[in-house]
Amino acid sequence: MPYDPSKPLQDRITDIGPKNYEEFLPPVIKKNFGKWDYHEILEPGVLVHVAEGGDKVFTVRVGGARLMSISHIREIMEIADKHCGGFLRFTTRNNIEFMVDDQSKVEPLKKDLLSRKQPGGGFKFPIGGTGAGITNIVHTQGWLHCHTPATDASGVVKAVMDDLFDEFTSMRMPAHVRISLACCLNMCGAVHCSDIAILGYHRKPPMIDAEVIDKVCEIPLAIAACPTAAIKPAKIKKPDGTEAQAVAVNNDRCMFCGNCYTMCPAMPLADAEGDGIVIMVGGKVSNRISAPKFSKVVVAFLPNNVPRWPETTDCIRKIVEVYAGDARKYERLGEWAERIGWEKFFEKTGLEFTHHLIDDFRDPAYYTWRQTSQFKFTG
Amino acid sequence: MPTVEFKGKTFNVDEDGFIDDFNGWSREWVDYVKESEGISELTEEHWKVIDILQDYYKKNGIAPMVRILSKVTGFKLKYIYELFPSGPGKGACKMAGLPKPTGCV
């Protein structure tokens, strides 16, 4: 029954939800579901889970670019058919996991995965992402598909992962380091709760397209979208001389969040020189030892230097190296920074502390200032 | 911006088929759009939803929240979907000539 545009509701199937995951479980996982005894990381990227009855499942984790062609997915399927009985899974950080039920199948799988390269030379399936290393970067759409970004996603992620590739394939960090990227401060994904976060940032207020604003926008929504109340209703003169209902932006109150553009297409603010990247650090979501934390801004601005973002990769490399050399075992980046004190974090990493980093957003900003004489001299 | 001619009227529409100006709306527009929105015959109930959306927009400058639309029309969301298969935003607001919904939609 092909789709008939003249009868759109005929034979329409709806509300059937996703497939039941049990349909896609490898036999060894289905058999031992809920009966796992313990697991080990055999080497970077390779895990073994042992079930109560003695069954084992070996997992090989490989990096994925997240943004993939169907031909790449077909290649993933071909590998799964060849080695894993046609089964595979994706992780919550968009890595790919191939599972086999016998140790003898691990080496051929690994050899096959590492033998596959992109025409430009990059690994198609680099093995790693386990334990105390740096796994995949959770990221967003960027210039590829979104209309509100202040930076790119795929491009920055590729540049950073190239720079940190050795950390993906090894486990030499004090604890795992989660890096995330969001291309605007809508923060789709995990930037607000990651060890290191890369965030797209604007530095100029929106322009107002007088010609169309009264037609394409619901003006009260644009006004209500502003967290600092910088937008007020106003009458403006249109290019054709008529008067129209519009808004006025108080540029002194605007902090360039872009929320108004999300609500109102006539208020664009993207700007080639103005836009760039903010670096945040110290967030986590687990409850291990310390409670979950938000990440904090430590670098107010880095330029969008396409296509390799050298300032961003250098900055992240520096933070990672200092953390890896200074933190204690099991200590996440945020726990380390809080233990040594943020003034020591800035001293050790060599990052510049600027007035941009001091919270000034409403009452809670006060609690981020220092109400104690306890501090360390630095510099 | 492409234009649409229908029964002697001209409408400017964007790539999603929303008209560019609420003031350019006329009843012919609804007749023109209904097919692409999966509606064969417009009933009084369709017009009730369209009228209420337009009144609310004229008065408040925004489209009503779904709960308000339900409460004022007396139609539950499920029934609004039966009237407008694409839903209150893409279907009813488009036919009523309101601006395209924005935000993370």
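The exercises below, each with a worked solution, deal with a predicted model and its chains A and B.

**Exercise 1. The interface**

Describe how chain A and chain B meet, and find the salt bridge between them.

Solution. Begin with the contacts: 15 residues of chain A touch 14 residues of chain B, and the area buried between the two chains is about 1100 Å², of which carbon and sulfur atoms give 56%. Next, look for charged pairs across the interface, where the rule finds one salt bridge. That pair is B:Asp21 with A:Lys215, whose closest N and O atoms are 3.9 Å apart, and it counts because the rule accepts a side-chain nitrogen of Lys or Arg within 4 Å of a carboxyl oxygen of Asp or Glu. Three residue pairs in polar contact are also found across this interface, with both residues at pLDDT 80 or more. Then ask which elements of chain A give two or more residues to the side that touches chain B: they are helix H6 (213-216), helix H7 (219-224) and helix H8 (259-263). Sorted by class, this side of chain A has ten nonpolar, two polar and three charged residues.

**Exercise 2. The sheet of five strands**

Work out the strand order of the open sheet of five strands in chain A, name its edges, and say which helices pack on the sheet.

Solution. The order is S1-S2-S3-S5-S4, with antiparallel pairing. Reading this order from its two ends gives the edge strands, S1 (36-43) and S4 (89-90) of chain A, each of which pairs on one side only. Strand S4 of chain A pairs with strand S5 (residues 96-100) over two bridges in the antiparallel sense, and the bridge partner of A:Phe90 in S5 is A:Ile96. Now add the helices: helix H2 (residues 70-83) of chain A packs on the sheet and touches S4 and S5, its direction making about 15 degrees with that of S5. Helix H3 (residues 106-115) of chain A also packs on the sheet, touching S1, S2 (46-51), S3 (56-62) and S5, and its direction makes about 10 degrees with that of S3.

**Exercise 3. The sheet of four strands**

Explain why S6 and S11 of chain A each have one side without a neighbour in the sheet, and describe what packs against this sheet.

Solution. First write down the order of the open sheet, which is S6-S7-S10-S11 of chain A, with mixed pairing. S6 and S11 stand at the edges with a single partner strand each, so one side of each is left without a neighbour in the sheet. Neighbouring strands here are turned by 20 degrees against each other on average, direction ignored. As an example of the pairing, S6 and S7 of chain A run in the parallel sense over four bridges, and A:Ala182 has A:Leu199 in S7 as its bridge partner. Helix H9 of chain A lies across S6, S7, S10 (276-281) and S11, running at about 10 degrees to S10. Helix H11 (residues 342-349) of chain A packs on the sheet as well, touching S10 and S11, with its direction at about 35 degrees to that of S11.

**Exercise 4. Two backbone details**

Find the places in chain A of A:Pro307 and A:Met187, and describe the backbone there.

Solution. Recall first that most residues other than glycine have a negative phi, and that most peptide bonds are trans. The peptide bond from A:Val306 to A:Pro307 is cis, with omega near 0 degrees, and A:Pro307 is placed in the loop between strand S11 (296-303) and helix H9 (310-326) of chain A. A:Met187 has a positive phi, near 60 degrees, and lies in the loop between strand S6 (179-182) and strand S7 (196-201) of chain A.

Note on methods: Residues numbered from 1 in each chain as written. Chains lettered and ligands numbered in written order. Predicted model: local features only at pLDDT ≥ 70, side-chain atom pairs only at ≥ 80, totals over all residues. Heavy atoms only, no water. Contact = heavy atoms within 4.5 Å. Buried area = accessible area lost by both parts, 1.4 Å probe. Polar contact = N/O pair within 3.5 Å; in protein donor to acceptor, adjacent residues only side chain to side chain. Nonpolar A, V, L, I, M, F, W, Y, C, P; charged D, E, K, R; others polar. Pairing = 2+ DSSP bridges. Axes fitted to C-alpha atoms, helices over the stretch in contact; angles between N-to-C directions.
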